[in-house]
Amino acid sequence: MVLTAGQTTAFFTDANQMGLTARTRGYLQTEGISMIEDLLEFSSKDSWTQIVENCKRPPQVTDAAGNLVNQAAFHIGAKSLHRLQVAAIAVEYYAATDRTITPQAMQWDTTLKNFEVQWKAIKAAKDGDTPEAPKMSKTVGIVKWLEAYENYSKNRIGDRYAPLAYVIRENVAVPAAPTLQAGQPHSEMHGSVKEEMIARLSHTHGLFRDDNASVFDDIEVATRGTKFAPTIAPFKRTRNGRGAFLALKKQHAGAAMWDKEVRECQDFLLNRKWTGGTNLTLDRFLSQHRAAYVSLQRCAENVQAEVPNERTRVKYLIDNIQSSDSDVKAALAAIKLDDNPTGMRNDFEAAVAFLLPVDPVKNKQKKRPSAEISATGGKTSKGPKTGVELRYYTPKEFAKLSPDMITELKELRSAKKGKGNNDKSPGGKKTAKFRQSLVKACLKELREEEEQKQEEKSAIEAISGILKLRSSAVAGGDTKNPAQAQSPIGKKRVTIKDEHADDEQVEVAATKLFQLMNSRGGRHGDKGGKGN
């Protein structure tokens with residue numbers, strides 16, 4: 001729709017629009033601003049600086065007598081100047097997105113005000129620090145990186161003061177412009193000035209080459225040293241970022257890859273079980289379940305895949321939780337019974353929120369905090385220089401320590417190792433003394449028991465030796481003659497004069513053996529109960 005002469009004049013002179021006087025409006029025509037579209041050439045601040053200077057010192061004109069006379073200055077108020085500058089940028093934006101200027105598009109109180117707010121945000125993002133582009137890693141594969149870069153490029157503002165995402169959009173051709181949303185400088189389909197530019201900026205603009213090169217630089221850094229680097233090699237000479245991005249997407253994120261991810265996600269949702277018998281918390285399992293569903297949704301955007309509804313998701317969840325914990329069983333039963341249209345049986349997130357408090361693995365971990373595992377009681381010692389605590393640190397905690405704290409911590413630990421057990425806390429002293437006395441008592445009992453075993457063995461050998469001597473004497477037929485033999489008792493040579501002497505030695509050895517055995521029974525009686 002082309003603006004009429006009356007609509008154009010109203011735009012420049014109405015108080016609710018640019019608010020210029022008719023005289024000033026007439027002068028701007030001499031500066032080249034006759035129609036609203038002419039503002040396209042005055043989108044920079046320098047242009048308006050020169051116009052304002054010209055208004056202050058307009059050229060001389062000829063009076064009725066033919067003489068050159070000075071003109072009075074043409075007034076442009078601060079409000080009018082500001083609105084004209086915003087309007088000029090808006091006209092440039094409409095031209096870049098291939099839109100026709102309409103009265104609605106140039107209405108100050110609604111459309112242009114909303115444009116100004118969004119444009120300020122875009123300019124601030126451009127003039128601020130450049131955000132760091134995503135990089136590939138072991139956890140960020142090519143598919144995740146491609147998605148991450150698409151999101152990143154929507155916030156990275158290029159030389160055209162537009163998101164770099166317009167460079168890598170799927171279609172180069174710009175379709176017919178949809179109708180503007182009421183009071184907004186963009187369509188309802190796109191929802192913002194940024195999205196409008198992403199979808200509608202042309203690839204023939206003079207600055208497209210620079211933005212395309214910026215995209216390539218990001219991709220080159222991300223793929224450097226990876227197996228994906230050869231894919232973008234053909235685009236290196238021209239720094240064709242769009243070509244490199246689409247090549248990566250086609251070769252490494254095609255239908256086969258999406259089909260594989262569909263199978264993996266479906267396998268997880270259908271077959272991955274949780275029993276609560278490992279360190280995997282229920283919270284973590286539920287998060288994995290959610291992530292598999294989100295990945296399946298993403299796959300469905302690229303290939304044909306069946307995404308489960310809320311009821312089916314809850315069914316998969318119930319079927320795969322196979323815990324013997326009574327609280328978990330009760331929670332699952334409650335979810336099954338809550339089967340109304342808005343109940344937990346038909347709401348995955350509501351079911352998850354109901355299950356989280358009964359997580360047996362997480363509740364068990366709470367009962368035994370790390371502080372109780374790494375400490376033995378009493379107060380934690382601190383370094384006198386930096387106040388660093390002499391205790392165990394997790395890798396994350398250790399990384400937060402200052403260099404001085406780390407140095408003092410190493411010194412304190414080295415000193416403690418050199419002194420041995422030097423815990424001066426009340427609990428530490430008692431524990432150390434108890435351990436020392438316990439070790440001494442155990443060693444003493446072991447020594448006594450070993451000595452007793454040796455005495456018992458000697459007595460048994462003595463009795464056995466005497467009985468052997470008597471047997472050999474009887475076998476020789478001479479029980480009255482003295483027999484020389486070495487007695488095991490005392491390892492001395494003894495003379496067995498008669499069998500009475502033998503009997504006496506046997507009785508002595510037997511009595512000693514009985515006393516030893518009785519002594520052992522008394523010592524261990526409290527451990528083994530009453531003896532037979």
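Are R298 and E261 buried or exposed? I should like to open with that pair, and I note at the outset that we are looking at a predicted model.

R298 is buried, and E261 is buried as well. The two side chains form a salt bridge, in which the closest N and O atoms lie 2.3 Å apart. This pair also links distant parts of the chain: R298 belongs to helix α12, residues 282-300, while E261 belongs to helix α11, residues 255-271, and 37 residues separate them.

Let me now place that pair in its context. The structure holds 21 salt bridges in total. A second one that I would ask you to find on the screen joins K249 and E150, with 3.1 Å between the closest N and O atoms. Here too, distant parts of the chain are linked, since K249 sits in helix α10, residues 241-252, and E150 in helix α6, residues 142-153, at a separation of 99 residues. As for their surroundings, K249 has a relative accessibility of 34% and therefore counts as partly exposed. E150, at 26%, is likewise classed as partly exposed.

The third example is the salt bridge between K135 and E132, whose closest N and O atoms are 3.1 Å apart. Which of these two residues is exposed, with a relative accessible area of 64%? That residue is E132. The threshold for calling a residue exposed is over 50%, so K135, at 43% relative accessibility, counts as partly exposed.

Salt bridges may also be joined to one another. E53, K56 and R57 provide a case, being linked in a network of salt bridges.

I turn now to the nonpolar interior. The largest nonpolar core comprises 92 residues, and the members that touch the most other members are I36, L39, M106, W145, I321 and L355. Which helix supplies the largest share of this core? It is helix α4, residues 78-96, which contributes eight residues.

I36 merits a closer look. Leaving aside residues up to four places away in sequence, I36 touches L3, T8, F11, F12, V91, I101 and M106. M106 is itself one of the residues with the most contacts to other core members.

Finally, another core lies apart from the largest one. This separate core has five residues, including V388, Y393, L401 and I406.

To close, I return to the opening question: R298 and E261 are both buried, and their salt bridge connects helix α12 with helix α11. Thank you for your attention.

Note on methods: Residues numbered from 1 in each chain as written. Predicted model: local features only at pLDDT ≥ 70, side-chain atom pairs only at ≥ 80, totals over all residues. Heavy atoms only, no water. Salt bridge = Lys/Arg side-chain N within 4 Å of Asp/Glu carboxyl O. Buried < 20%, exposed > 50% of the residue type's maximum accessible area, 1.4 Å probe, protein only. Helix = DSSP H or I, 4+ residues; strand = E, 2+ residues; numbered from the N terminus. Core = buried A, V, L, I, M, F, W, Y, C linked by side-chain atoms within 4.5 Å. Contact = heavy atoms within 4.5 Å.
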